[in-house]
Amino acid sequence: MVIEQIKMPQLGESVTEGTISKWLVSVGDKVNKYDPLAEVMTDKVNAEVPSSFTGTIKELVAEDGDTLSVGEVICTIEIEGSNGEEEKVSAQSEVSETANVSEEPEQGNKARYSPAVLKISQEHGIDLTQVTGTGAGGRITRKDLLKLIEAGNIPASGSKVEAEKQPEVKLVSVEESVQAAPKQSVSAPSIPVAAGDIEIPVTGIRKAIAANMLRSKHEAPHAWTMIEVDATNLVEYRNSLKDEFKKKEGFNLTFFAFFVKAVAQALKEFPQINSMWAGDKIIQKKDINISIAVATDDALYVPVIKQADEKTIKGIAREISELAVKVRTNKLRSEDMQGGTFTVNNTGSFGSVQSAGIINYPQAAILQVESIVKRPVVMNNGMIAVRDMVNLCMSLDHRVLDGLVCGRFLQRVKEILENTSKSTTSIY
């Protein structure tokens, strides 16, 4: 008998640790190579960790909720003999596929399969193009093939087989440059549960969001400021274009695209805002990558528009549309959420008129674009007019930024938006 160790895998380029969300095996269980052992959550992705060996679970070193560094032992397996290195490499390939493949695989030469899936399909003569997978984005998993083989339902060419649904890999938005938050031991509050109360388990995604928000509020001294913008000319300009634009381009020309473009332009003129706190230094980022917060019923995703200052309003509108579709269809990839340097949040989409956002750590600021509302405004000539007004609310890390530069930055964003019109602004 040989005792082999299963270690915490690296489920992303800069991931340094992972949290055991749930053990799928117990001590004494017999497992085959590639069988899932545990669900692991990192600040980038949730994934199942497969066994590197066939054998019997000897010891679970970590418990549910424990956070371990990459390379730390999570459990041990007792096996007969050992094909150690060959098995480890193959299993690690399976982990890599699970963590990184989130798009629906295309048919033909572009389809992507893990080594384990390819091996099983070749051994049993399974036509993978005729199998509908249950992994993230329709990926075919080893379990899918084993179910077909066990049922004697190996698909012939031209038939389509759909395996039993399994849980998907879900991505959690967080900056790739952040090292994982320090471990904290916090006891749960004792809250009495009365008749009729509903207990809702905290999911891995919600835990990751909570940890990132807590770290941001705990480490970054938040300050807050707001500026009022007259968006009347912008509203008129966008409304005059939206129908023809949708017919021509196939996606919506949203107000949000104008705001993102204005922020990107102002960041180029005030690069101090495009910075991050790094302990003994402040890093001023060269690229202007705008993170846009997208919420679902149970999670918050922050996909990134890369080099936003180099894109047209049309280009930004296209990316906003494409990223929103990816979020709704669970096809958002880890790389879609990496590299952000400043966050713009469209809180106005649900009617908010004033809010204080929590900074998307380790960025230095976040801007909330509130709802555009019609209000009576005293004009320069003393007359009162009904105008389309919007509040821009900015939270800032006071270690990195001071009120003066943030005030000037917001004034510049205001100037750009108030001077947006058909005669001054092109969307192409």
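In this predicted model, helix H5 (residues 232-249) and H6 pack with their axes 10 Å apart and at an angle of about 125°. H5 is therefore oblique to H6, since an angle that falls between 115 and 145 degrees belongs to none of the parallel, antiparallel or perpendicular classes. The crossing in which H5 passes H6 is right-handed. On the H5 side the contact is formed by Leu234, Val235, Tyr237, Arg238 and Asn239, which meet Phe255, Phe258 and Phe259 of H6. By class, the residues of this contact comprise six nonpolar, one polar and one charged.

H6 also packs against a second partner, helix H8 (residues 403-418), at an angle of about 135° and with the axes 9 Å apart. H6 and H8 are therefore oblique to each other, and their crossing is right-handed. From H6 the contact draws on Phe258, Phe259, Ala262, Val263, Gln265, Ala266, Leu267 and Glu269, and from H8 on Phe409, Arg412, Val413, Ile416 and Leu417. Ten of the residues in the contact of H6 with H8 are nonpolar, one is polar and two are charged. Phe258 and Phe259 of H6 take part in the contact with H5 and also in the contact with H8.

These helices belong to a chain that has eight helices and 21 strands. The chain contains 428 residues, of which 48% count as buried. Among contacts with a separation of 6 or more, 67% are between residues 24 or more positions apart.

The interior may be considered next. In soluble globular proteins, nonpolar side chains tend to be buried together. Here the largest nonpolar core has 60 residues, and Ile273, Ile290, Phe342 and Phe409 are those with the most contacts inside it. The element that gives the most to this core is helix H6 (residues 255-269), with ten residues. Ile273 illustrates how the core is joined: leaving out residues up to four places away in sequence, Ile273 touches Leu267, Phe342, Ala364, Met394, Leu401, Val405, Cys406 and Phe409. Of these partners, Leu267 and Phe409 also belong to the contact of H6 with H8. Apart from the largest core lies another, of 20 residues, among them Met8, Leu11, Ala38 and Ala47.

Individual positions show how parts of the chain that are distant in sequence come together. Ile313 lies in helix H7 (residues 313-328). Ile313 counts as buried because its relative accessibility is 5%, against a cut-off of 20%. The C-alpha atoms of Ile313 and Lys261 are 6.2 Å apart, although 52 residues separate the two in sequence. Beyond residues up to four places away in sequence, Ile313 touches Leu253, Ala257, Phe258, Lys261, Thr425, Ser426 and Ile427.

A charged residue can likewise be followed into the interior. Glu370 lies in the loop between strand S19 (365-369) and strand S20 (373-378). With a relative accessible area of 2%, Glu370 is buried. Its C-alpha atom is separated by 5.3 Å from that of Thr347, 23 residues away along the chain. Once neighbours within four places in sequence are set aside, Glu370 is in contact with Thr347, Gly348, Ser352, Val353, Gln354, Ser355, Val390, Asn391 and Cys393.

Ala295 offers a contrasting environment. Ala295 is placed in strand S15 (residues 294-295) and is exposed, with a relative accessible area of 61%. The C-alpha atoms of Ala295 and Val327 are separated by 8.6 Å, and the two residues are 32 residues apart along the chain.

Some features of the backbone remain to be described. Most residues other than glycine have a negative phi, and most peptide bonds are trans. Tyr361 and Pro362, however, are joined by a cis peptide bond, with omega about 10°. Pro362 is found in the loop between strand S18 (342-345) and S19. Tyr34 has a positive phi, near 85°; this residue is in the loop between strand S3 (30-31) and strand S4 (36-41), and is buried, with a relative accessible area of 10%. Gln307 also has a positive phi, near 45°. Gln307 is placed in the loop between strand S17 (304-305) and H7 and is partly exposed, with a relative accessible area of 26%.

Notes. Residues numbered from 1 in each chain as written. Predicted model: local features only at pLDDT ≥ 70, side-chain atom pairs only at ≥ 80, totals over all residues. Heavy atoms only, no water. Core = buried A, V, L, I, M, F, W, Y, C linked by side-chain atoms within 4.5 Å. Buried < 20%, exposed > 50% of the residue type's maximum accessible area, 1.4 Å probe, protein only. Helix = DSSP H or I, 4+ residues; strand = E, 2+ residues; numbered from the N terminus. Contact = heavy atoms within 4.5 Å. Axes fitted to C-alpha atoms, helices over the stretch in contact; angles between N-to-C directions. Parallel < 35°, antiparallel > 145°, perpendicular 65-115°, else oblique. Left-handed = near helix turned anticlockwise from the far one by under 90°. Nonpolar A, V, L, I, M, F, W, Y, C, P; charged D, E, K, R; others polar.
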